[in-house]
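The following note is intended for a colleague who has not yet examined this structure. Please read the numbered points alongside the sequence and the coordinates.

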Amino acid sequence: MAVRIRLARFGAKKKPYYRIVAADSQARRDGRFIEQLGSYNPNIDPAVVTLQRDRYDHWVSVGAKPSDTVAALVRRLGEA
């Protein structure tokens, strides 16, 4: 089982809200996930990103690969 750290979309139409989740790479985008690691709300200015950094680091250390978008969000958190 390959684990990916990616975004799962929630919220109403035209008002997306995302959860950052660790999920099996074969699972659907908004389907089953292993653990919720944080959230991302692009609807407000500036966009709000919350992340349980210790759990993110744990999943990366055991081989989970973050998606390009999640990696960019984490880099942005590191700069702030």
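1. A convenient place to begin is Leu37. Setting aside neighbours within four places in sequence, Leu37 is in contact with Ile5, Ile20, Val21, Ala22, Leu51, Gln52, Arg55, Tyr56 and Trp59. The reader should bear in mind that the model is a predicted one.

2. Leu37 also belongs to the largest nonpolar core, which has 15 residues. Together with Ile5, Ile20, Trp59 and Val70, Leu37 is among the residues with the most contacts inside that core. At least two core residues come from each of S1, S2, S3, S4, H1 and helix H2 (68-79). In soluble globular proteins, nonpolar side chains tend to be buried together.

3. In what order do the strands of the open sheet lie? The 5 strands follow the order S4-S3-S2-S1-S5, and their pairing is mixed. Strand S4 (48-51) and strand S5 (65-66) are the edge strands, each pairing on one side only.

4. The pairing of strand S1 (residues 3-12) with S5 is parallel and comprises 2 bridges. Here Ile5, already named as a core residue, has Pro66 in S5 as its bridge partner.

5. S1 and S2 are antiparallel and are paired over 10 bridges. Their hairpin has 2 residues between the strands, and Lys14 adopts a positive phi near 70° there. Across this pairing, Phe10 stands opposite Tyr17 in S2. The ring of Phe10 also has the charged end of Arg19 over it, 4.1 Å from the ring centre.

6. S2 and S3 likewise run antiparallel, joined by 5 bridges. Ile20 stands opposite Gly38 in S3, and Ile20 is also one of the contacts of Leu37.

7. Which residues form the aromatic pair? The structure holds 1 such pair. Tyr18 and Tyr40 are stacked, at 5.9 Å centre to centre and with 25° between the planes. Because Tyr18 lies in strand S2 and Tyr40 in strand S3, the pair ties together parts that are 22 residues apart in sequence. Tyr40 is buried, since its relative accessible area of 15% is under the 20% cut-off.

8. Helix H1 (residues 53-61) lies across S1, strand S2 (15-24), strand S3 (35-41), S4 and S5. The angle at which H1 runs to S3 is about 120°. H1 supplies at least two residues of the core, which returns the account to the surroundings of Leu37, whose contacts include Trp59.

Key:
Residues numbered from 1 in each chain as written. Predicted model: local features only at pLDDT ≥ 70, side-chain atom pairs only at ≥ 80, totals over all residues. Heavy atoms only, no water. Pairing = 2+ DSSP bridges. Helix = DSSP H or I, 4+ residues; strand = E, 2+ residues; numbered from the N terminus. Contact = heavy atoms within 4.5 Å. Axes fitted to C-alpha atoms, helices over the stretch in contact; angles between N-to-C directions. Core = buried A, V, L, I, M, F, W, Y, C linked by side-chain atoms within 4.5 Å. Buried < 20%, exposed > 50% of the residue type's maximum accessible area, 1.4 Å probe, protein only. Phe/Tyr/Trp six-rings, centres within 6.5 Å; stacked < 30°, edge-to-face > 60°. Lys NZ or Arg CZ within 6 Å of the ring centre and 35° of its normal.
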